[in-house]
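Welcome to a short tour of a protein chain. Take a moment with the sequence and the picture, and then we will walk through them together.

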Amino acid sequence: QWYQRRDMKEASLADLKQRLIDKANLMQARFERETALLEAKQQWYQEKQLTMLKEEEDEYLAYCSDAMFRIHILEQRLSRHKAMAPNKYKELNERLIQDSRLAPHL
């Protein structure tokens, strides 16, 4: 019984760790995708800027502004997630240690 409870604790911690890693990877992928889209749009603009209509340039500038905002938010979220992940792991570990059902067996 005690080893099952210890294993439950370890499995819970491993599951949280994997979820935190998966979430960080998803955020990183979104950040990279948004950055790549912006870079492609900037390349397109460089090629077309001399023949571009005013409306197209305005649309491009609006797109860049929105994209930079999204990239900034994604960067902040990823940074915050990375900063908070160790605390979340520590908090779960402490909760599991203090759990009356598990504590006597750990």
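When charges are counted here, Lys and Arg count as positive and Asp and Glu as negative, while His and the chain ends are not counted. By that count, the chain has 19 positive and 18 negative side chains. The centres of the two sets lie 10 Å apart. Please keep in mind that this is a predicted model.

**The overall shape**

What is the chain built from? It contains two helices and zero strands. Its radius of gyration is 23 Å, while the globule rule gives 13 Å for 106 residues, so the chain is more spread out than a compact globule. You can see this in the C-alpha trace too, which spans about 75 × 15 × 15 Å along its principal axes.

How much of the chain is buried? Of the 106 residues, 22% are buried. The accessible surface comes to about 8,200 Å², and carbon and sulfur atoms hold 53% of that surface.

Now think about which parts of the chain meet. Among contacts with a separation of 6 or more, 78% are between residues 24 or more positions apart.

**Two nonpolar cores**

A general idea helps here: in soluble globular proteins, nonpolar side chains tend to be buried together. Which residues make up the largest nonpolar core in this chain? There are nine: Phe31, Leu38, Tyr45, Met52, Tyr60, Cys64, Ala67, Ile71 and Leu74. The elements that give two or more residues to this core are H1 and helix H2, which covers residues 54-98. H2 gives the most, with five residues. Apart from this core lies another, of seven residues, including Leu13, Leu16, Ala85 and Leu96.

Tyr60 is one of the nine residues in the largest core. Leaving out residues up to four places away in sequence, Tyr60 touches Lys41, Gln42, Trp44 and Tyr45.

**Four residues of helix H1**

Let us look at some single residues. Leu38 lies in helix H1, which runs over residues 2-48. Glu34 is in helix H1, as are Arg6 and Leu20. Here is how accessible they are:

| Residue | Relative accessible area | Class |
|---|---|---|
| Leu38 | 6% | buried |
| Leu20 | 11% | buried |
| Glu34 | 12% | buried |
| Arg6 | 34% | partly exposed |

Why is Glu34 called buried? Its relative accessibility is 12%, and buried means under 20%. Arg6, at 34%, counts as partly exposed, because that class lies between 20% and 50%.

What do the buried residues touch, once neighbours up to four places away in sequence are set aside? For Leu38, the partners are Tyr63, Cys64, Ala67, Met68 and Ile71. Glu34 is in contact with Arg70, Ile71 and Leu74. Leu20 touches His81, Ala85 and Lys88.

**Distances along and across**

Finally, compare places in the sequence with places in space. Leu38 and Lys54 are 16 residues apart along the chain, and their C-alpha atoms are separated by 20 Å. Leu20 and Leu74 are 54 residues apart in sequence, with 16 Å between their C-alpha atoms. For Arg6 and Ala67, 61 residues apart along the chain, the C-alpha separation is 47 Å. Try finding each of these pairs in the picture.

Definitions and conventions
Residues numbered from 1 in each chain as written. Predicted model: local features only at pLDDT ≥ 70, side-chain atom pairs only at ≥ 80, totals over all residues. Heavy atoms only, no water. Rg over C-alpha atoms; globule rule 2.2 N^0.38 Å. Buried < 20%, exposed > 50% of the residue type's maximum accessible area, 1.4 Å probe, protein only. Contact = heavy atoms within 4.5 Å. Areas by Shrake-Rupley, 256 points an atom, 1.4 Å probe, with all protein chains shown as cover. Charge placed at Lys NZ, Arg CZ, Asp CG, Glu CD. Core = buried A, V, L, I, M, F, W, Y, C linked by side-chain atoms within 4.5 Å.
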